[in-house]
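Reader: Hey, got a minute to go through this model with me? I'd like to start with the charged pairs and then move on to the packing.
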Amino acid sequence: MTAIFVSVVGVLGTVMGAALTAFVAARTEQRRERSQDRVQLNDLRVEHQRWRRERRQAAYLSFLEALGTADRDNQAFFRELRAGRAPVPLDETRIAVIRLKFKDVESAGLVVILEGPEAVAEAAQNLVDRLSSLVQDVREYAEAVAANSLGNGGNNVHEAGMRFITERKAFLGLARDALDEVAKRVQILPETQLRD
């Protein structure tokens, strides 16, 4: 009888040991799976932030390139008008080319507005508005040169140009901050959080 009792206790002990081992193994597996899920989620988040930063950077660069091209052409036209001594007929073709380049700036600005964030979108719109004003002032100056009626000698253009430069600096600062902010979000979880 004692032998049977010892055998039953041995079998029960073995079964309980096996059950405990299975329980511990299942628990360990759950922790490992949760940890892997967190790592995968973090990797996905990091990849998305990188993607977001790259898209924003490309949009900002495209906008600045279009802006620079239109501004350079507009400035060159203004300088030529100021250098001329006699009335010059209005160059509608040149004005149309500058206007087309301005339209490119508007299109690139819309991409920046879509990519955001809000502060950069607002600064981009302000910059487009300043360039529009500057292009209009150069056009009015060209019309005044053609009519031989220079009133202020281009002071409006100079003032608009200074406002444009100020707005461009503001945009650059906000764009840089936005790109840095995205980079700061790309933060890998510490290993202790990944293990739990």
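Author: Sure. Arg 32 forms a salt bridge with Glu 29, and their closest N and O atoms are 2.4 Å apart. The term salt bridge is used here for a side-chain nitrogen of Lys or Arg within 4 Å of a carboxyl oxygen of Asp or Glu.

Reader: Before we go on, what kind of model is this, predicted or not?
Author: It's a predicted model: local features need pLDDT of at least 70, side-chain atom pairs count only at pLDDT 80 or more, and totals for chains, interfaces and linings use all residues. Residues are numbered from 1 along each chain as its sequence is written, and side-chain values use heavy atoms, with hydrogens and water left out.

Reader: Ok. Why are Arg 32 and Glu 29 about one helical turn apart?
Author: Because they are 3 residues apart in helix H1, which covers residues 2-83. Helices here are DSSP runs of H or I with at least four residues, strands are runs of E with at least two, and both are numbered from the N terminus.

Reader: Is Arg 32 buried or exposed? And what about Glu 29?
Author: In between. Arg 32 is partly exposed with a relative accessible area of 40%, and Glu 29 is partly exposed at 30%. Buried means under 20% relative accessible area, exposed means over 50%, and partly exposed lies in between, with a 1.4 Å probe and protein chains only.

Reader: How many salt bridges does the count come to?
Author: By this rule, 9 salt bridges. Another one pairs Glu 115 with Arg 55, with the closest N and O atoms 2.8 Å apart. That pair links distant parts of the chain: Glu 115 is in helix H2 (residues 92-115) and Arg 55 is in helix H1, 60 residues apart.

Reader: How accessible are Glu 115 and Arg 55?
Author: Glu 115 counts as buried at 9% relative accessibility, while Arg 55 counts as partly exposed at 40%.

Reader: Which residues are linked with them in a network?
Author: Arg 52, Arg 55 and Glu 115 are linked in a network of salt bridges.

Reader: What does Glu 143 pair with?
Author: Arg 139, with the closest N and O atoms 3.2 Å apart. Both lie in helix H3 (residues 118-146), 4 residues apart, about one turn of the helix. Glu 143 is partly exposed at 33%, and Arg 139 is partly exposed at 25%.

Reader: Switching to packing. At what angle do the axes of H2 and H3 cross?
Author: Roughly 175 degrees, and the axes come within 9 Å. That makes H2 roughly antiparallel to H3, a label for angles over 145 degrees. The axes are lines fitted to C-alpha atoms over the stretch in contact, with angles from 0 to 180 degrees between N-to-C directions.

Reader: Which residues meet there?
Author: Among them are Ile 95, Phe 102 and Val 105 in H2, and Val 128, Leu 131 and Arg 139 in H3. Contact means heavy atoms within 4.5 Å.

Reader: And the whole chain, how many helices and strands?
Author: 5 helices and 0 strands. Of its 196 residues, 28% count as buried. Among contacts between residues at least 6 apart in sequence, 85% join residues at least 24 apart.

Definitions and conventions:
Parallel < 35°, antiparallel > 145°, perpendicular 65-115°, else oblique.
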